[in-house]
Amino acid sequence: MAPQTAVSSAPKSSKTSGDSTPSPTAAPVASPASGSIPAAPTLPPSELNIDALVYVEQMQEAYAQDPLSVPADWQHYFRTVVRSSRPQLGPSFPTASLFHAVTVTQSTFGSAAAEDAAALQEKVDQLIRNYRLRGHIAAKVDPLGSTRPFPAELNPEFYGFTDKDLDKPFSTIRSAGPNVRTLRQIVEWLQNTYCRSIGAQFLHIDSLTVREWLQNEMETSENRLRITRDTQVRILRRLTDATLFEQFIAKKFLGKKAFSLQGAESLMPLLDLAIEQAGEDGVEEVVIGMAHRGRLNVLANIAGKKPREIFREFKDLDAEANMGRGDVKYHLGYDTEWITQTEKQVHISLCVNPSHLEFVNPVALGRMRAKIDRIAAGEPLKGLVILIHGDAALAGEGVVQETLNMSELKGYSTGGTVHIVINNQVGFTTDPEDARSCTYSTDICKMLQIPIFHVNGEDPEAVAQTIRLAMEFRKKFQRDVVVDMYCYRLRGHNEGDEPEFTQPTMYKKIKAKKTVLEYYVERLVNMGGVTQAEADRIYQYKEQQLEEELQAAASGQANALAPDLMSGIWKGFEGGPEPLKNEPSTGVPLAKLKDLLARQLKLPDGFTPHPTIQKFVLANRQEMLEGTKLLDWGTAESLAFGSLLVDGHTVRFTGQDVGRGTFSHRHAVLSDYNTGAKYIALNHLSENQAPLEIYNSPLSETGVVGFEYGYSLDAPNDLVLWEAQFGDFVNAAQVIIDQFIVSGEDKWRRLSGLVMLLPHGFEGSGPEHSSARLERFLELCAGDNIQVCVPSTPGNYFHMLRRQVVRKWRKPLIVMTPKSLLRMQASSLADCTEGTFQRVIADTQVNPAKVKKILACSGKIYFELAKRRDELKREDVAIIRVEQLYPLPTEALKEALKGYKDGTPLIWVQEEPENMGAWRFLRIHYGETVFGRFPLSGHARKASGSPATGSTKSHETEQEQLLVRAFGS
């Protein structure tokens, strides 16, 4: 006799409450005969109801977790028939579709009613999933009231349900909240969660753990923050701060550009709540990157800049002090200390940014990575990056993709960025349909496994819920997260622009709207959260503060309020003109150099390097250690790095293929030939050394160079390098070079010691593998803003790298590095033991009295000229090398030329075309006669729009012609 089912045979339930799980009474059961199989439930169709199915599901789930937790007959049934302990793919019943017809029989489920119940449950499950997937389309996120067609799959009618089904109970055991709800309750719960002021996109995430966490966080609260009165008042204060600040500026500085936040004032409570929560989570450093829209408001109300300073900038009272330098007020940054409600201290850095919008993104991330490495021993949750985007820029600028791509890479991760989009729903004058091919401006962010929350900026409490959820997600999963705050731009692109020329209907709606503050006050007063009198007092207090700040600005009390940028970690460092006196020695004792090299050659037991590396790299370096061979480029570099590391200076080195080196000369990262295991010898020099952080970068220039520039801003004591795969590719980072690297000191008083290594040299490899565009860097040189060097020997390269750290003068260093010279052995260990970098290398092989012509050059061409001179036995030609082109090496050049007769021709020789390279730069600065003694002329390839020929034979011919011209007939 088969066991009786333990399901109640009560009449079909008609109740609508969410707690309808039945309490079945088990009937006496006879033990099954040996080998017999228990039957499936066989209740009459009229008695098999949804409650019973829910009970069976719960029994099955309990059995899957612990078989002993259910009665013995159900254990036997699940074990022998359902086999629920085995993982199942798909539903536990046959599914019907256009491609898979199922014949319904009594034996399939025991009854046709069971089939009907299962089919209805499957439709409810589909409805729930579609709300999670498509609910954002129906969400009311636009404060201007625009909507999109309501997705059909969010209507119960789409699945065949009618009004008669609304009060039927269904299982929601796989969702947050009650295990059973009626269809009416399910729809209301889903609409509240996914279709009010917040729309969520998260089902593109592959991880079930992440998706279920997000579902639970949103569905248990119906995506609404249970907010306290204190928090409501805090939001009110922040909205008041933001609103009054913009109105005050518009009234007091009529027509002046401010790129106001009006229409997006909810950004202030959003940032306030984010920083407060960050402090509670143990965050010590917050870096904010943003464009100019709303920056003045963030400066005044978040970053701690006194309004009087901003008002003084509007009055432009310091014109003489800013001649040839400085930047507009809505590009400036600031640093402050934020004290949370619970007395936690958070340092806030608002990054400077030019008008190039999204290009600050990698800079901000680089700054944070440096802070994490310095203060938190690599613990990412000690820092937080907040990037504030515009909708048009987010979708339109490629640096966004480069930055997102770096977010979870080992060399660039910072524990997750909070992205906030100020979604104006328009670019300068460009509508979304003309600006992007995707639905949302945030769709680019779906390249990552992260959630995207769209929220109505006119609902401050929904904004509060969204940032709370975003911060919790970032903390738990250490990934990026996106908050897309829909708002509007009250004015045009700036205060002098007329938006109704291009968006007349949009701006009719905008002009008819109250402020976010007004709407929120009305809501709080109606709900009894605050009184109108309380709101008025907050408003009047802030207004009085601003009036006092304006008076202080007029009286000059704003002077010297800006933070001292040369304090803290920058104390003791300097910018300005290059210091030429008392230069520190960059030599290293011979014994120390030998020890460093020997330690680099010691490999772990059992480690097998590639045979070619063993033969041509490690064996050669052993001979260099023994003094039987001279140093090559890679060995001199490793000695410079090693000497800095053991002295406590971190070396961070990134770029495409830097571990091995594009030209297979470095091999700083070795791979075991048998196992593939990695070994970095430079990280095994001494117990207390600093680390070599060396990372192969993604195939990116803009993003990576921006990141390393940002890193250098917060790591003045370290050596931070980026190497181009070929120097030619550096122009892909031109915005970072122009807007940050070469101009940062003049615009923002920000110093950087970033080193850019750019392989450069004409060797017949074509126009895209010859030139690092030396001329472009030289034309950007002014006021000793950067260094441009072309070292020609391993020894001088060694000293140049060490000089960048040893002296306290911090300027970006642009280096034209060689390619074919990388394996040339040209310096001894002794060359690295004393002295410093030689800006100009004089010719010591000729007698100045016999010289009739002086050739000056930089880089590889020197060795070709020297070889030709030897071949021709020309003792009347001197060759000097200019190793530093900027700052101009005037004193070193005078010293190198002092022994030659006045009137001796000085000829600059370069491989580059006449309109490229250093020739025109030197001619402008030194004139027709150098120091009034040496008439100056130049030999170069003829001017061209392209750097080099694509023909190897043509290159060789041009090179020969250059040498012939240099020495004459």
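Helix α6, residues 208-219, comprises 12 residues and spans 16 Å from its first C-alpha to its last, close to the 16 Å expected at 1.5 Å a residue. The expected span is 1.5 Å times one less than the number of residues in the helix. Helices (H or I, at least four residues) and strands (E, at least two) are DSSP runs numbered from the N terminus. The model is predicted: local features need pLDDT of at least 70 and side-chain atom pairs count only at pLDDT 80 or more, while totals for chains, interfaces and linings use all residues. Residues are numbered from 1 along each chain as its sequence is written, and side-chain values use heavy atoms, with hydrogens and water left out.

The buried residues of α6 are Val210, Arg211, Trp213, Leu214, Gln215, Met218 and Glu219. Here buried means under 20% relative accessible area, exposed means over 50%, and partly exposed lies in between (1.4 Å probe, protein chains only). At the N-terminal end of α6, serine 207 acts as a cap, with a side-chain oxygen 3.3 Å from the backbone nitrogen of threonine 209.

**Overall composition and cores**

The protein chain has 30 helices and 25 strands. Of its 969 residues, 54% are buried. Among contacts (heavy atoms within 4.5 Å) with a separation of 6 or more, 80% are between residues 24 or more positions apart.

In soluble globular proteins, nonpolar side chains tend to be buried together. A nonpolar core is a set of buried Ala, Val, Leu, Ile, Met, Phe, Trp, Tyr and Cys residues joined through side-chain atoms within 4.5 Å. The largest such core has 100 residues, and Leu267, Leu271 and Ile386 have the most contacts inside it. Leaving aside neighbours within four places in sequence, isoleucine 386 is in contact with Leu271, Ala274, Val286, Val287, Ile288, Gly289, Val418 and Ile420. A second, separate core of 72 residues includes Leu365, Leu713, Ile786 and Phe921.

**Two buried aspartates**

Aspartate 714 is in the loop between α22 (702-713) and β15 (719-723), and its relative accessibility of 4% makes it buried. Not counting residues up to four places away in sequence, aspartate 714 touches Arg367, Ala370, Lys371, Arg374 and Ile569.

Aspartate 391 belongs to helix α12 (residues 391-396) and is buried, at 3% relative accessible area. The C-alpha atoms of aspartate 391 and isoleucine 422 are 6.4 Å apart, although 31 residues separate them along the chain. Beyond residues up to four places away in sequence, aspartate 391 touches Val421, Ile422, Asn423, Asn424, Gln425, Val426 and Ser441.

The table gives polar contacts of both aspartates. A polar contact is a pair of N or O atoms within 3.5 Å; within protein, one must be able to donate a hydrogen and the other to accept it, and residues adjacent in sequence count only if both atoms are side-chain atoms.

| Side chain | Partner | Distance |
|---|---|---|
| Aspartate 714 | Arginine 367, side chain | 2.6 Å |
| Aspartate 714 | Lysine 371, side chain | 3.0 Å |
| Aspartate 391 | Glutamine 425, backbone nitrogen | 3.2 Å |
| Aspartate 391 | Valine 426, backbone nitrogen | 3.4 Å |

**Aromatic rings**

Rings of Phe, Tyr and Trp (its six-membered ring) pair if their centres lie within 6.5 Å; planes under 30 degrees apart count as stacked, over 60 as edge-to-face and the rest as tilted. The whole structure holds 21 aromatic pairs. Phenylalanine 641 and phenylalanine 653 form an edge-to-face pair, because their ring centres are 5.7 Å apart and their planes lie at 80 degrees. The pair links distant parts of the chain, with phenylalanine 641 in helix α21 (residues 633-646) and phenylalanine 653 in strand β11 (residues 651-655), 12 residues apart. Both phenylalanine 641 and phenylalanine 653 are buried.

Tyrosine 862 and phenylalanine 863 are also paired edge-to-face, at 5.1 Å centre to centre and 80 degrees between the planes. Tyrosine 862 is buried at 8% relative accessibility, whereas phenylalanine 863 is partly exposed at 23%. Arginine 881 lies over the face of tyrosine 862, 3.8 Å from the ring centre. A charge sits over a ring if NZ of Lys or CZ of Arg is within 6 Å of the ring centre and within 35 degrees of the ring normal. The charged end of arginine 652 likewise sits over the ring of tyrosine 711, 4.8 Å from its centre.

**Backbone features**

The peptide bond from tyrosine 886 to proline 887 is cis, with omega near -5 degrees. Proline 887 lies in the loop between β22 (884-886) and α28 (890-897). Glutamine 478, a residue other than glycine, has a positive phi near 50 degrees.
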